[in-house]
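Work through the exercises below with the sequence and the 3D view open. Try each task before reading its solution.

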Amino acid sequence: MPKIDEMLVALGKRGLTLGSVESLTAGLFGASVCEIPGASAVYKGGLITYSPALKSMLAHVNPETIARHGVVSAEVAKEMAIGGQKALGVDICVSCTGNAGPTAEEGEAPVGRVYLGLCFKGSVWTIPLDFKGERNEVRKKAVASMVSFVSSLLAMPE
């Protein structure tokens with residue numbers, strides 16, 4: 001699994017900047033990235049959009065998307081990544097939305113369901129994930145997956 005410092009080096013070598021829009025991780029991705037000295041050379045910041053209202057206001061997620069697909073969905077992760085890229089003015093924006101638990105409302109996403117989004121050069125990708133574990137384990141696994149998602153993009157030929 002790629003490490004955060006390796007991801008930062010790869011971003012720097014390509015002259016790219018990174019931002020994040022986080023929901024279930026509540027800033028854990030940004031905090032983890034910023035534990036690495038020199039992260040500010042490529043990581044420009046993040047938005048913590050824990051509530052649906054903030055997803056709409058800060059990351060420009062359409063409220064109709066949330067109503068139609070639910071806050072834990074690939075569609076919302078996609079719009080979070082697109083909106084975050086614009087709001088933060090970065091080359092790459094990674095997003096996450098999900099249910100870390102401990103409970104799930106009837107008809108809502110099960111505990112451990114996570115969607116990641118990634119926006120770069122006009123393209124957007126999403127990944128559905130299902131994790132097992134306690135609340136903070138799910139959050140840590142989501143962060144590790146966000147690092148892997150960005151790193152996989154950087155591993156592609158230019």
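The exercises that follow concern a predicted model, and each task comes with a worked solution.

**Exercise 1. The sheet**

Task: Find the order of the strands in the open sheet, and name the edge strands.

Solution.
- Step 1. Reading across the sheet, the five strands come in the order E2-E1-E3-E4-E5, with mixed pairing.
- Step 2. Strand E2 (43-48) and strand E5 (123-130) pair on one side only, which makes them the edge strands.
- Step 3. From one strand to the next, the twist averages 15 degrees.

**Exercise 2. The neighbours of E3**

Task: State in which sense, parallel or antiparallel, E3 pairs with E1 and with E4, and give bridge partners.

Solution.
- Step 1. Five bridges join strand E1 (residues 18-22) to strand E3 (residues 92-98), and the sense is parallel.
- Step 2. Two partners in E3 can be listed for this pairing: Cys93 for Gly19 and Val94 for Ser20.
- Step 3. On the E4 side, the pairing with E3 is antiparallel, over seven bridges. Here Leu116 in E4 stands opposite Cys96.

**Exercise 3. The two faces of E3**

Task: Sort the residues of E3 by the way they point, and decide whether they are buried or exposed.

Solution.
- Step 1. Side chains in a regular strand alternate between the two faces of the sheet.
- Step 2. One way from E3 point Ile92, Val94, Cys96 and Gly98. The other way point Cys93, Ser95 and Thr97.
- Step 3. Both groups are buried; seven of the seven residues of E3 count as such.

**Exercise 4. Checking a helix length**

Task: Compare the expected span of helix H5 with the distance between its end C-alpha atoms, then describe its surroundings.

Solution.
- Step 1. Helix H5 (residues 74-88) has 15 residues. The expected span is 1.5 Å times one less than the number of residues, so H5 should span 21 Å.
- Step 2. The end C-alpha atoms of H5 are 21 Å apart, which agrees with the expected value.
- Step 3. The buried residues of H5 are Val76, Ala77, Met80, Ala81, Gly83, Gly84 and Gln85. They pack against E1, helix H3 (52-59), helix H4 (63-69), E3 and E4.
- Step 4. Ser73 is in the loop between H4 and H5. Its relative accessibility is 4%, so Ser73 is buried. Apart from neighbours within four places in sequence, Ser73 contacts Thr97 and Tyr115.
- Step 5. Just after H5 comes Gly89, with a positive phi of about 65 degrees.

**Exercise 5. Helix H6 and its partners**

Task: Describe how H6 lies on the sheet and how H1 packs with H6.

Solution.
- Step 1. Helix H6 (residues 135-154) lies across E1, E3, strand E4 (113-120) and E5, at about 30 degrees to E4.
- Step 2. Helix H1 (residues 4-14) packs with H6 at about 35 degrees, and the two axes are 10 Å apart. The crossing is left-handed.
- Step 3. On the H1 side the contact involves Ile4, Met7, Ala10, Leu11 and Arg14; on the H6 side, Val147, Val150, Ser151, Leu153 and Leu154.

**Exercise 6. The salt bridge**

Task: Find the one salt bridge in the count, and say how exposed each partner is.

Solution.
- Step 1. The side chains that meet are those of Asp130 and Arg113, at 2.7 Å from N to O. This is within the 4 Å cut-off for a salt bridge.
- Step 2. Asp130 is in strand E5 and Arg113 in strand E4, 17 residues apart, so the pair links distant parts of the chain.
- Step 3. Asp130 has a relative accessible area of 54% and is therefore exposed. For Arg113 the value is 24%, so Arg113 is partly exposed.

**Exercise 7. Backbone exceptions**

Task: Which peptide bond is cis, and what is the sign of phi at Ala26 and Lys121?

Solution.
- Step 1. Most peptide bonds are trans, and most residues other than glycine have a negative phi.
- Step 2. The bond from Gly101 to Pro102 is cis, with omega near 20 degrees. Pro102 is in the loop between E3 and E4.
- Step 3. Ala26 has a positive phi, near 50 degrees, and is in the loop between E1 and helix H2 (28-33). With a relative accessible area of 35%, Ala26 is partly exposed.
- Step 4. Lys121 also has a positive phi, near 50 degrees. Lys121 is in the loop between E4 and E5 and, at 69% relative accessibility, is exposed.

Methods
Residues are numbered from 1 along each chain as its sequence is written. This is a predicted model: local features need pLDDT of at least 70, side-chain atom pairs count only at pLDDT 80 or more; totals for chains, interfaces and linings use all residues. Side-chain values use heavy atoms; hydrogens and water are left out. Two strands pair if DSSP finds at least two bridges between them. Helices (H or I, at least four residues) and strands (E, at least two) are DSSP runs, numbered from the N terminus. Axes are lines fitted to C-alpha atoms, for helices over the stretch in contact, and angles run from 0 to 180 degrees between N-to-C directions. Contact means heavy atoms within 4.5 Å. Buried means under 20% relative accessible area, exposed over 50%, partly exposed in between (1.4 Å probe, protein chains only). A crossing is left-handed if the near helix is turned anticlockwise from the far one by less than a right angle, and right-handed if clockwise.
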